[in-house]
Amino acid sequence: MVEIYCGDGKGKTTASVGLIIRARGHGINTVFMQFMKGDGSGEVSVLKSIDGVRVFHTPVFYGFVKNMTQEQKAEMLKEYDILIDRAEEEIKNAGEKRLVIVLDEVIHACNFGLVDEKRLCKIIDNAPENAEIVLTGRDPSEELTKRADYISEIKKIKHPFDKGITAREGIEL
């Protein structure tokens, strides 16, 4: 099954983390991979502390894509290729065991050309039935939408960022 949590509202990552916790509570193997965020995301440290949850993210993050240099974008592309390789490996190695794998903000990374969406679609298409693949981010493409079994859209009504309030540690970070 493929799940997509999308939209312009707060809560896509939170929903995927909740699914990881629920799955782990039932003994299901879980993997959380994070794209487009730095090392300071609060959920990462908690997920790393849960036995049986494997967490992967890149060692570097340069902030908003619009502010990245071409060299930084090239570096992110290489780092995300490594993450996608790892995702493919985790899915293949699941064997007969159930697996929940979250690719947090991978849709955003695809939209900016930092992840090869065709490759991601191929991984999804070749995944065994025992793999639950969760994708988060804004504006999923038609190709990703077509592959999804669940799509939950989180809609923003109001957000502090609209008033110039940046992300707050422990709430949005």
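D139 sits in the loop between β5 and α6 (142-147). Helices (H or I, at least four residues) and strands (E, at least two) are DSSP runs, numbered from the N terminus. The phi of D139 is near 55°, a positive value in a residue other than glycine. Most residues other than glycine have a negative phi. D139 counts as exposed, at 60% relative accessibility. Here exposed means over 50% relative accessible area, buried under 20%, and partly exposed in between (1.4 Å probe, protein chains only).

This is a predicted model, in which local features need pLDDT of at least 70, side-chain atom pairs count only at pLDDT 80 or more, and totals for chains, interfaces and linings use all residues. Residues are numbered from 1 along each chain as its sequence is written, and side-chain values use heavy atoms, with hydrogens and water left out.

E105 also has a positive phi, about 65°, although it is not a glycine. Its place is the loop between β4 and α4. Is E105 buried or exposed? E105 counts as buried, because its relative accessibility is 13%.

**Loop residues and one helix residue**

| Residue | Location | Relative accessibility |
|---|---|---|
| D139 | loop between β5 and α6 | 60%, exposed |
| E105 | loop between β4 and α4 | 13%, buried |
| V65 | loop between β3 and α3 | 9%, buried |
| E79 | helix α3 | 15%, buried |

V65 belongs to the loop between β3 and α3. V65 counts as buried at 9% relative accessibility. Which residues does V65 touch, leaving aside its neighbours within four places in sequence? V65 is in contact with M36, K73, F112 and L114. Contact means heavy atoms within 4.5 Å. V65 and M36 are 29 residues apart in sequence, and their C-alpha atoms are 8.7 Å apart in space.

Next comes helix α3, residues 70-92. The helix has 23 residues and reaches 33 Å from its first C-alpha to its last. That is close to the 33 Å expected at 1.5 Å a residue. The expected span is 1.5 Å times one less than the number of residues.

The buried residues of α3 are M76, E79, Y80, L83, I84, A87, E90 and I91. An α-helix has 3.6 residues a turn, so residues three or four places apart point the same way. What covers the buried residues of α3? The cover includes strands β2 (29-34), β3 (53-57), β4 (99-104) and β5 (131-136). It also includes helices α4 (106-111) and α5 (117-126).

E79 lies in this helix. E79 is buried, with a relative accessible area of 15%. Leaving aside neighbours within four places in sequence, E79 is in contact with T58, P59 and V60. E79 and S141 are 62 residues apart along the chain, and their C-alpha atoms are separated by 22 Å.

Now the whole chain. The protein chain has six helices and six strands. From the N terminus on, its elements run β-α-β-α-β-α-β-α-α-β-α-β. Buried residues make up 40% of the 173 residues. Of the contacts with a separation of 6 or more, 71% join residues 24 or more positions apart.

The C-alpha atoms fill a box of roughly 50 × 35 × 30 Å, taken along the principal axes. The radius of gyration is 15 Å, which agrees with the value near 16 Å for a compact globule of 173 residues. The radius is taken over C-alpha atoms, and the globule rule is 2.2 Å times the number of residues to the power 0.38.
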